[in-house]
Amino acid sequence: MGDFGHELWFGVGLVPKAAGGERLVRRAVMAEEVGLDILGVQDHPYQPSFLDTWTLLPMLAARTTRIRLFPDVINLPLRPPAVLARGAASLDILSGGRVELGLGAGYFWDGILAMGGPGHSPGEAVEAVEEAMVVLRALWTPGDPVVLQGDHYRLDGAQPGPFPPHPIGVWLGAYKRRMLELSGRLADGWVPSSGYAAPEELGGLTKIVDTAAENAGRDPGDVRRIYNISGRFSSLSSAEFLNGPPAQWAEQLAELTFNHGFSVFIMSADDEYALKTFAAEVAPAVRELVGKERGGGKGSVAGAGGVARASGPLDDATRPRLPKRDLAALTAAQRANGRRLVQIHDHLRRELAQIRDALEQVAAGQSEAAALRSMINELTMRQNYWTLGSFCASYCRILTAHHSIEDAHMFPALAAADESLTPVVERLEQEHEVVAEILTGLDAALVAMIEDPAGLAEVRDQVDLLSNVLLSHLAYEEEELVEPLSRLDLDI
């Protein structure tokens, strides 16, 4: 129990009322524009006044470019998991790797039964969720046709695919012991809501999740935590949870990170003021509080020094190279780990391209500014710069997390399994340090740009440097590691 050091995400929760369809799209676009990280959309297929969630999500994906898409949470009894796997992977492909999947056992059973769904007992509902997780992950993993025989779901030779471009997390909505234990044993994340689990109840629920994870041989930190929240902004502080000024909200949410490991907060926002206040005042304040507690002060890199240090270790001529073996001799199942590394890298490449697009949009806004009235132009430009800064910072955190996972798990496992890989692994670890230094320089340039828009040129230089170094690093890593990852039987 406690802070697991995960990246903090902040988002908005949408109730998909059919009467306000266009408003939902505007709210999603605004959430991205103000720098939020994730969109949560409820799923109640039995509710005739609601839009269908899996019809709404592609529309939101088409109108946004960066923000994550999160069914919060899918009503499993009315969503066959094999079809759900195809749909989630398809949306992840079309959105550029932005999908996370919340999964629920079912709650409003009268509505589920009215729609022809199954009438599960509580125990059967949990069993169905566990089987569905097996189905989802099997169809997202390259390999042979899948045969599964469960009490609730079966696959009789289903071909895996399409494959999501990033590992889609499966997050379980859970409050009762068996679902909490399942979250700890098998899920990527746990999703309670403040309306059903008040802050003072989270300690007991968290303990069940963490204990189940440990009993299954997992680190409790492997289970990320989303908290769906609601509240009211006011000028006066109060003893109530999320009823007061933004600073009080920040303190209370940071405490949930410190005490229970929550790293994602999705707010139900009924108006634009609340959404903008949450993004502009609460989210940065929580990040600052958590960053201080983690001791995460960031240094800066002088531009020329950063470039000089980066160019040396990434000199392609000095990189260790290994003899190559034929991947065609391996089975599809053996090649899965290598393919997954490429998929993750492809996601990072797409994100980098999006940063470049954002830079061009900001640059276009700067040249157009002279033709606009001063005050209107200043407000527009501030928003453009602020959004670019939030997007770049989010990318930096994602990239850092990816490299940290490789350094802590994948690289040691490879070197232990094949000693000849040690020089390559050591070189890749050195290059991670170079990339980390460039990210620090980019972060410093973004901060300066937000204070002074003339700093856009320095941001462009830092992004160019990051692009050159990162693309070279990813290509080298794939060239040397895809084959051994496929050949060696590693538990990573």
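This is a conversation between a biologist and a modeller about reading one predicted protein model.

Biologist: What should I know before I start?

Modeller: This is a predicted model, so local features need pLDDT of at least 70 and side-chain atom pairs count only at pLDDT 80 or more, while totals for chains, interfaces and linings use all residues. Residues are numbered from 1 along each chain as its sequence is written, and side-chain values use heavy atoms, with hydrogens and water left out.

Biologist: What is the mean pLDDT of the protein chain, and where does pLDDT stay under 50?

Modeller: pLDDT is the predictor's confidence in each residue, from 0 to 100. Here the mean is 84, and 86% of residues reach 70 or more. pLDDT stays under 50 over residues 297-312 and over residues 366-385. Where pLDDT is low, the predicted coordinates should not be read in detail.

Biologist: How many helices and strands does the protein chain have?

Modeller: Both are DSSP runs numbered from the N terminus: helices are H or I with at least four residues, strands are E with at least two. The protein chain has 14 helices and 13 strands.

Biologist: How are the strands of the open sheet ordered?

Modeller: Two strands pair if DSSP finds at least two bridges between them. In this model 9 strands form an open sheet with parallel pairing, in the order β3-β2-β1-β13-β10-β9-β8-β5-β4. Its edge strands, β3 (68-71) and β4 (74-75), each pair on one side only. Inside the order, β8 (residues 170-172) and β9 (residues 189-190) pair over 2 bridges, and Trp 171 stands opposite Gly 189 in β9.

Biologist: How much of the protein chain is buried?

Modeller: Buried means under 20% relative accessible area, exposed means over 50%, and partly exposed lies in between (1.4 Å probe, protein chains only). Buried residues make up 52% of the 492 residues in the protein chain.

Biologist: How do I read a single helix, say α8?

Modeller: Start with its length. The expected span of a helix is 1.5 Å times one less than its number of residues. For the 15 residues of α8 (residues 246-260) that gives 21 Å, and the end C-alpha atoms are 21 Å apart, which agrees. Next, look at its cover: 11 of the 15 residues of α8 are buried, among them Trp 249, Leu 253 and Phe 258. Contact means heavy atoms within 4.5 Å, and what covers the buried residues of α8 includes α7 (202-215), β13 (264-268) and α9 (272-294). Just after α8, Gly 261 takes a positive phi of about 80°.

Biologist: Which salt bridges should I look at?

Modeller: A salt bridge is a side-chain nitrogen of Lys or Arg within 4 Å of a carboxyl oxygen of Asp or Glu. The structure holds 14 of them. One joins Asp 3 and Arg 294, with the closest N and O atoms 2.7 Å apart. Asp 3 lies in the segment before β1 (9-14) and Arg 294 in helix α9, so the pair ties together parts that are 291 residues apart in sequence. Asp 3 is partly exposed at 27% relative accessibility, and Arg 294 is partly exposed at 34%.

Another one joins Asp 52 and Arg 79, at 2.9 Å between the closest N and O atoms. Asp 52 is partly exposed at 32% relative accessibility, whereas Arg 79 is buried, at 13%. Asp 43, Asp 52 and Arg 79 are linked in a network of salt bridges.

Biologist: Are Arg 319 and Glu 431 buried or exposed?

Modeller: Both are buried, and their side chains meet in a salt bridge (2.9 Å, N to O).
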